[in-house]
Amino acid sequence: MRILGIDPGLRITGFGVIDKNGSDLTYVSSGSVKTSEGELSFRLKLILDNLTEIIALYRPQHVSIEQVFVNINPRSTLLLGQARGAAICAAVMNNLMVAEYTALQIKQAVVGNGHAKKDQVQEMVMRLLKLTGSPGADAADALACAICHANGGLGLGRIATTGYRMKRGRLV
């Protein structure tokens, strides 16, 4: 099964593609879609177009995306939500279901601690996918989102979890 993880952002949207074969996870690709300052509608179109190309190139069967958190600045939250909407549209336009996870759920599934720091997430992504180098922060977050989904998403994803039980936030 191939999974595309997305870490949405208006300035930088991270993506990560992994394959899951049984319990083995294999790195396929990762990177980011960067938008320049300018008209919001064109920036959203850039996110939509680039993710559509990534979906066409890698052909994932599953898409997972990080949910928006509400921060202190409501304007930033709204802009992030629009970037996230463009990313979801790219998946849905390609007839893909989208699983959504909070940052807390992703960190819990990957690191074992919902309050882990970014560098801890990057380190665990490197270890779990046996990478020789550290992916960028946004790409690592997207890969972590894909890993969370691959591991059953704490029982909240679209992957069947029948016959498993939860132990410390992981399926066993």
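These are my notebook entries on one predicted protein model.

**Entry 1: the whole chain**

I began with the model as a whole, which is a prediction. I counted five helices and seven strands in the chain. Reading from the N terminus, I wrote down the order β-β-β-α-β-α-β-α-α-α-β-β. The chain has 172 residues, and 44% of them count as buried. I looked up the accessible surface next: about 9200 Å², with 53% of it belonging to carbon and sulfur atoms. I also checked how far apart in sequence the contacting residues are. Among contacts between residues at least 6 apart in sequence, 57% join residues at least 24 apart.

**Entry 2: confidence**

I looked up the pLDDT before going further. The average over the chain is 88, and 88% of the residues score at least 70. One stretch I marked in my notes is residues 154-164, where the pLDDT is below 50. In the model this stretch still has 25 contacts beyond near neighbours in sequence. Where pLDDT is low, the predicted coordinates should not be read in detail. I left the contacts of residues 154-164, a stretch with pLDDT below 50, without further reading.

**Entry 3: strands 1, 2 and 3**

I followed the chain from its start. Strand 1 covers residues 2-7 and is joined to strand 2 by six bridges, with the two running antiparallel. I picked Leu-4 as an example and found that its bridge partner in strand 2 is Val-17. The connection between strand 1 and strand 2 is a hairpin of four residues.

Strand 2 pairs again, with strand 3. Here I noted ten bridges, and these strands also run antiparallel. Lys-20 stands opposite Leu-25 of strand 3. The hairpin between strand 2 and strand 3 has two residues between the strands, and Gly-22 in this hairpin takes a positive phi near 65°.

Is strand 2 mostly covered or mostly open? I found it mostly covered, as seven of its ten residues are buried.

**Entry 4: Thr-13 and Thr-35**

I chose two threonines to look at in detail. Thr-13 is in strand 2, which spans residues 12-21. Thr-35 sits in the loop between strand 3 (24-34) and helix 1 (40-58). The two are 22 residues apart in sequence, and their C-alpha atoms are 8.6 Å apart in space.

Why does Thr-13 count as buried? Its relative accessibility is 1%, and the cut-off for buried is under 20%. Thr-35 is buried too, because its relative accessible area is 8%, again under the 20% limit.

I then listed what surrounds each one, leaving aside neighbours within four places in sequence. Thr-13 is in contact with Ile-6, Asp-7, Pro-8, Gly-31, Ser-32, Val-33, Ile-47 and Leu-51. For Thr-35 the list is Leu-10, Arg-11, Arg-43, Leu-46 and Ile-47. Ile-47 is on the list of Thr-13 and on that of Thr-35.

Which backbone atom does the side chain of Thr-35 reach? I found the backbone oxygen of Leu-10, at 2.5 Å. For Thr-13, a polar atom of the side chain lies 2.6 Å from the backbone oxygen of Gly-9.

**Entry 5: strands 4 and 5**

I moved on to a parallel pair. Strand 4 (residues 62-66) and strand 5 (residues 98-101) run parallel and are joined by four bridges. Ser-64 has Ala-99 of strand 5 as its bridge partner. To get from strand 4 to strand 5, the chain passes through helix 2 (residues 74-93), and I noted this β-α-β crossover as right-handed.

**Entry 6: two residues with positive phi**

Last, I looked at two residues that have positive phi and are not glycine. Asn-95 has a phi of about 60°. I located Asn-95 in the loop between helix 2 and strand 5. Lys-130 has a positive phi near 55°. Lys-130 belongs to the loop between helix 4 (118-128) and helix 5 (137-150).

Are these two buried or exposed? Asn-95 is exposed, because its relative accessible area is 72%, and the cut-off for exposed is over 50%. Lys-130 is exposed as well, with a relative accessible area of 70%.

How values were computed
Residues are numbered from 1 along each chain as its sequence is written. This is a predicted model: local features need pLDDT of at least 70, side-chain atom pairs count only at pLDDT 80 or more; totals for chains, interfaces and linings use all residues. Side-chain values use heavy atoms; hydrogens and water are left out. Buried means under 20% relative accessible area, exposed over 50%, partly exposed in between (1.4 Å probe, protein chains only). Contact means heavy atoms within 4.5 Å. Accessible areas come from the Shrake-Rupley method with a 1.4 Å probe; for residues, only the protein chains shown count as cover. pLDDT is the predictor's confidence in each residue, from 0 to 100. Two strands pair if DSSP finds at least two bridges between them. A crossover is right-handed if, with the strands pointing away from the viewer, the path from the first strand over the helix to the second runs clockwise. A polar contact is a pair of N or O atoms within 3.5 Å; within protein, one must be able to donate a hydrogen and the other to accept it, and residues adjacent in sequence count only if both atoms are side-chain atoms.
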